[in-house]
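Please open the structure in a viewer and keep the selection panel at hand. The stops below proceed from one selection to the next.

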Amino acid sequence: MELPPEVLERRAQRAGLDGMPSRLARGERLTPADALALYRSDDLALLGLLANGVRERLHGNLAYYNVNIHINYTNWCNKFCDFCAFQRRPKDAGAYCMTPEQIHDELKQANPQATEVHMVAGVWPALPYQYYLDICRAAKAARPDIHVKAFTMVEVDQIVKSAGKPVADVLDDLRAAGLDSMPGGGAEVFSERVRQDLYPLKMGAARWMELARAIHRHGFRTNCTMLYGMTETLEERVEHLRLLRELQDETGGFQTYIPLAFHPANTGLDHLPYPSAPERLRSIAVGRLFLDNVPHVKAYWIMLGIPVAQLALGMGADDLDGTVSQERIYHDAGADTPQSMTRAQLHQLIREVGRVPAERDTLYRVLRRFEGGDPLEDLQAAAPLPPPLRVAAPADLPAGARSVG
Ligand code: SF4
């Protein structure tokens, strides 16, 4: 819906966003003070309208998704973040670590239409460097055409330590083993105060930025994220966005911004509420308006919930992520979304809010637009997914991993 500029301006004035519609229309960059005003404004519909204007200018009526497979290859982790329900030590009930062979077999059985495997996990220093190279090789051996997107910055940091080599050499090795891009997670929120309080063993903002810079300069694309809804202030959220925008000005390596709503269930922070639907939509809209140099904003349906993800497609988001399969990290923290969706289901969600489904690859090249109905082959893609992952029995664990715990 287009409102006359003077109507928008009057409404913005009432919402504490004086002059912002005109400045956005002129393509002016918002300041951190503007971002704070957006977070504080209670006119969510106006935020959505403004963010949608930017979103439609960039992407028209398309809503992107991909056909992907998630593999969370281990839940062993020694970072003990308070907000995490996924982590285990190797001898804990439910602990697992997949061997490269298991990853290979899993991918062999997985949806043949998938164009991407997304592999992220916990951090366990006793896993040898070779293990990370081997799981990339295993993925490519199983599916030579698949795009391997793997390792958050926290994992990359550990891989570099395990390798004992310069970052650039490690990136060369990972690329040679089959790594194509990285998800860019692990940033949480760039606040030293929150980090010290909730995840003191995890890297801080400076190391995250240093790694992201090196990775982008090495020619890899990543995404960028912010985990919100813990104990961070609005000012800290804005500072996080400011740092991401500054780095993007320098490298241009971020493809997508993904605001991640914190799920408190089963974590050390289960007294906190799950961010409300308006707060989740606001985070999408503020991200779209402030990060003027990041091409895409993702409404990650696993974390947002399906109805909010649908609404987000009209409030700044242009991407829903993918079909996914067997996502564990957020489901361990109480996400009640399905474990996966078919292509046909994603098309339906997108069409219900008046957008046109567009299947993309990991690098956002459009593979197909579905302007009309779905051809028969796509309805066949709605076939049931394979059974859940088989987890490693202790005897199957990767060499070097058995002595830990
Ligand atoms: S969030 Fe990641 S690094 Fe932190 S405990 Fe969980 S798996 Fe480990």
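**A guided tour of the predicted model**

Begin by selecting His70 and His118: His118, in E3, is the bridge partner of His70. The coordinates belong to a predicted model.

Extend the selection to the strands on either side of this bridge. E2 and strand E3 (residues 116–119) pair in the parallel sense, and four bridges join them. Now add E4 to the view: the three strands form an open sheet in the order E2-E3-E4, with parallel pairing. Strand E2 (68–71) and strand E4 (147–150) are the edge strands, each of which pairs on one side only. Neighbouring strands of the sheet are turned against each other by 20° on average, direction ignored.

Select helix H6 (residues 129–142) next. H6 packs on the sheet and touches E3 and E4. The direction of H6 makes about 150° with that of E4.

Proceed to helix H5 (residues 100–109) and display the side chains of Pro100, Gln102, Ile103, Glu106 and Leu107, which are buried. These residues lie on the same side of H5, because they cover an arc of only 160° around the axis. Keep the earlier elements visible here: what covers the buried residues of H5 includes E2, E3 and H6.

The last stop is the ligand. Which residues are around the ligand? Select Cys77, Lys79, Phe80, Cys81, Cys84, Phe86, Gln87, Gly122, Val123, Val154 and Lys202 to display the residues around the ligand. Colouring this shell by residue class gives seven nonpolar, two polar and two charged residues.

How values were computed:
Residues numbered from 1 in each chain as written. Predicted model: local features only at pLDDT ≥ 70, side-chain atom pairs only at ≥ 80, totals over all residues. Near = placed C-beta within 6 Å. Nonpolar A, V, L, I, M, F, W, Y, C, P; charged D, E, K, R; others polar. Pairing = 2+ DSSP bridges. Helix = DSSP H or I, 4+ residues; strand = E, 2+ residues; numbered from the N terminus. Axes fitted to C-alpha atoms, helices over the stretch in contact; angles between N-to-C directions. Contact = placed C-beta atoms within 7 Å. Buried ≥ 20, exposed ≤ 12 C-beta atoms within 10 Å, placed from the backbone. Arc of directions from axis to C-beta.
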